[in-house]
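User: I am new to this structure and would like a close look at a single part of it. Please take one place where two domains meet and describe it with care.

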Amino acid sequence: MSLKDKLSELRQRGLADIKQSADLKDVNQVRVQLLGKKGPITEVLRGMRDLDAAERPKVGAFANEIRDDLTAALTQRKEELEQAVLNAQLAKETVDVTLPGTPVAKGEPHVIQQIIDQIEDLFLGMGYQVLSGPEVEEDKYNFEMMNLPKNHPARDMQDTFYITKEILMRTQTSPMQARTLEKHDFNKGPLKMISPGVVYRRDTDDPTHSHQFHQVEGLVIDKHITMADLKGTLQVLAHELFGDKFDVRLRPSYFPFTEPSVEADITCFNCGGKGCKVCKNTGWIEVLGAGMVHPNVLKMAGVDPDVYGGFAFGVGPDRFAMLKYGVDDIRNFYLNDVRFLTQFTKKG
Amino acid sequence: MKISYNWIKEYLDLDVKPVDLAEKIERTSVEVDDVTKPSDGLKKIVVGHVLSVEAHPDSDHLHVCQVDVGEDDPLQIVCGAPNIAKGQHVIVALPGSRIANNVKIKKSKMRGIPSAGMICALQEIGFSEDVVPKAYVEGIYVLPEDATPGDAVYDYLGMNDSLIDLDVTPNRGDMLSVYGTLHDLAAIYDKPVELDHPEVKEAGATIDDQLAVHVDATLSSQYRMRLVKNLKLAPSPMWLQIRLWNAGMRPINNVVDITNYIMLKYGQPLHAFDYDKFNGEDVYVRTAKAGEKLTTLDENDHDLDENDIVIADQKGPIALAGVMGGLDASIQDGTTTVAIESAVFEHDHIRKAAQRHNLHTDASQRFERGVNQAGVQEALDAAAQMMNELADGEVQRGSVVGSNNVPEPAVISLTLTHVNAVLGTKLTMDQVVHILESLEFQVKVAEDELTVTVPVRRNDIHIPADLLEEIARIYGYDRLPATLPTGRMTMGSLTAKHRLVRATRKSLEGLGLNQAISYALTTADKAKMFMMRASETTELAWPMTVDHAVLRMNLITGLLDDIAYNSARKVKDVALYEQGRVFYREDGQDRPAEEEHIAGAITGTLLPAAWNQPAQPVDFFQMKGIVAAYLKDMAVNGDVTYVPNADMPEMHPGRTADILVHGHRIGFLGEVHPSIAKQFKVGTTYVFELNLQAIVDMPKQENQYDVISRYPAITRDIAMLVDNDVTNDQIVALIERRGGAFLQSVKLFDVYDGVKVPKGKKSLAYTLTYQDKHETLVDDAVTQAFDKVSKRLEEELGAEIR
Ligand SMILES: [Zn+2]
């Protein structure tokens, strides 16, 4: 057998051994066997001295080629086996991804707060200040300066919790109109504000009445504010809170502190305007009161009604939340059942 | 007020359905509560003629009737009404019919006798008991004799009319009448309306010889009477009865019905007195004297006082003016001479009298809002004319007038420019004038200016803004453009407080608490629990219930109520926070100060048990962690310290800490005292409450970049035994003070006070981290510093280093 043939056979046998090696230890053993100092290749190369000088380089090159082939095969086999080990380990580490995630503590804002925040953000974007006022008010601000002198019949429209004859729980956020008008310096620009807060009425709590609820007052006073601006502003509000599909309509109403006074209805949620039980077949649902600020209100707050005028509106977040989410009992908002509070997770 | 569609149509040529008319009214004038047609929902209810009535063989009150209902054969109907009689025309619900409340009537047997239908009372076909004539309240209703058997009954009873229920706002008293509504509708539909006016046929003697009235004009600005003699009291004709019951009023007799009818038509309440019951011929309009009493028509007795306006004769009060007449001088069987009163009473007196005596009548409602002061005589004349026509009365000559102060019509000037500037419209002068004239306002135009004379009946219109409303609503709010305010720019802004409140909510929600909104009005007991400072309570003068009678001075009791509500519903794990006001009052002040607070409460576990993590009941340190994280979030500048407080009666004496910032107490945290928890019916609950306003007002740390050291840190652990009363705060403070320049942090990693340490001692272990920002620390330097601090601990705190 020629040296060349011996080498060829060696290669074949070596590659077969490498292929058969079952683990990294085997691979190492095969490496030592084939390529070690006492290995067959070394031995074959030792026999080169018996060859012709002309043959020697050729056989030498062939032997190196075979050594390289075997080395490459060993490396590849080693990598294959390493990969297999890793795969086996990963397979062992597999988890059931459908098991629930580990709980983390996460609280939710109150649903009414979410509506108030939404209203605040909308009006902040339109250049309004957000102000808050006292919940225990003077009769003067709650009624008198809102053009409701003592004995005004419209006072009967709002049952009031009095503390003394002159001190009461505010029945509306409207006193903030008088309070801000009194302070505002019109030389520095128009007055544009909203004032969210808690209000109180002497009512018996039932599914549709609560002795405590929320209001957001809005007020814009400048030299050229129109009723069309009021309508546009209320439209923006309805679209922001309920969606673009909702339309706003105004109806005449009566509030002593606005003239003209309107009530704003929006398209019924339940039927989309076709008419149903919820909207008493009108297709509309009453959501807020508004109007052009009464000249007496401006005058009493020291603002000249011949120069300045504007609009005011009062929004009820409780009512909005009831309508928007179909909450059928207003008391839910104040009893704080966790199962109720954590239902409203979609923000914005 | 319920307005009859048919009545409106008598005066106004309208081609609209009742629902559309109602919607138009709602969009243009006043709110409409609903539109009803009394016959809606009824079926197969016809006129029957009772041919015979025989006693039921097995009953002492039932009758067996043969009733002609317009068919070939009469129906046999068993009837239990006491007033059934042969020859009557009655209301018959045929077999297969539907009566009130969706009840179906079928053929049946009553005590063995077949009965094909039912003879009905008005209540059974949907009439409210309040409007059924007294004679028929206890039995079946008897129709007029000319009713044709077999006809549907609805037209005989006015039940095919549509009734539009107006919810009239306090300013629109004029809409509480058919005539007032017609004036508005004429403008809305831009159609002429022809109202009729009374012509009185007078006879007999002059009234002045028979009656004198003496009126305090400050109480009654107009007071007029007419006298009608030789009246024949009788039930009113059907058309009149229908008008009344469709408006929700009970027909009584022709005289009383006429006064009510005139009120519905003109909005002017009238009162009819039996003239013969007057003591003397003088009538007085005055305030009541203390001690005077009056029994009103509804047979209730009233103690009068000097704020009540009364009509009196020489002996005493005969009516509570503008509210209700007295029983003694009322129209009763045998009355033949009637004094009709038409007047205007001062609205404030009437409002208070109605409240004081709890008598809110159709009359008081109208006087409170103001009646048409230009129509007092017309209403009086119309009533007199009807008493002549319907009751054969002899109207005496003339009226007596006790006072006669008719106000001048309001004259208001405004410019077209102003109209368009306020409404945002581009109306022309012609459009504006047309609208105002359609309301029967008189308008004079001079260039841009309009001078408008407003009819007296519209007592709600005084200033230009009132006219703007009239123009806008008749023009139509739907036609207003929708724009946004323009003009000088403004910046939207939140106050510093509002920003911090928002950040507070976000922080606490991130820490796992849900926002609660509880009631600020609570019980007297709860109001003064968990107090952070001394304060007087603030009480409502007239609370609705004791549960909501006093203003809260803490937020925690509200949260405990919430937790109790949850645990009563088997929700055991509750984590809540609330942000809101508490109300502190100084002695001698009426008005409390309002302080913004923030509070939290956790019961059960913050994190629910899960498959990979056991439930961990809330404890002091979890709540403290939340408070600390929150205060860090608010960047409170200053040392936050927690000082034990064993003195709050509502809190666990060993598990409560005051929270101090720079030594200033801003709140507390800890476990609710077990006996208080029991009182609230809640389990172990941890709470905190902070003065949020104080946090708002405190200086805050500004955000600033601090270089992160590139050099390695070296840590050393130290464990020590100390006496039980040595606190972690003392140890940490000492280590920080004596730790040397390179000490970066001290972290407690173990606390042990179990069996392996001597009694009265505890073991604490800390990791101290050293780092130099500018170079690598040498081990020796650390060892030196560490040894120094160890020594200090031994010397100053008696620690035994282990
Ligand atoms: Zn609807």
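Analyst:
**Where two domains of chain B meet**

In this predicted model, the C-alpha centres of domain 2 of chain B and domain 3 of chain B lie 39 Å apart. Their contact takes 10 residues from domain 2 of chain B and 7 residues from domain 3 of chain B. To place these two parts along the sequence, domain 2 of chain B covers 43-143 and domain 3 of chain B covers 202-404, within a division of chain B that also includes domain 1, made of 2-37 + 162-189.

Turning to the surface that is covered, the area buried between domain 2 of chain B and domain 3 of chain B is about 640 Å², and carbon and sulfur atoms give 60% of this area. On the side of domain 2 of chain B, the residues that lose the most area to domain 3 of chain B are B:Val131, B:Pro133 and B:Tyr141, which together account for 56% of what that side buries. Taken by residue class, the side of domain 2 of chain B that touches domain 3 of chain B divides into 7 nonpolar residues, no polar ones and 3 charged ones.

As for polar links, the rule finds 0 salt bridges across the interface of domain 2 of chain B and domain 3 of chain B, while the count of residue pairs in polar contact between domain 2 of chain B and domain 3 of chain B is 2, with both at pLDDT 80 or more.

Notes:
Residues are numbered from 1 along each chain as its sequence is written. Chains are lettered from A and ligands numbered from 1 in the order in which they are written. This is a predicted model: local features need pLDDT of at least 70, side-chain atom pairs count only at pLDDT 80 or more; totals for chains, interfaces and linings use all residues. Side-chain values use heavy atoms; hydrogens and water are left out. Domain bounds come from an automatic or database domain assignment. Contact means heavy atoms within 4.5 Å. Buried area is the accessible area (1.4 Å probe) that two parts lose on being put together, summed over both. A salt bridge is a side-chain nitrogen of Lys or Arg within 4 Å of a carboxyl oxygen of Asp or Glu. A polar contact is a pair of N or O atoms within 3.5 Å; within protein, one must be able to donate a hydrogen and the other to accept it, and residues adjacent in sequence count only if both atoms are side-chain atoms. Ala, Val, Leu, Ile, Met, Phe, Trp, Tyr, Cys and Pro count as nonpolar, Asp, Glu, Lys and Arg as charged, and the others, Gly among them, as polar.
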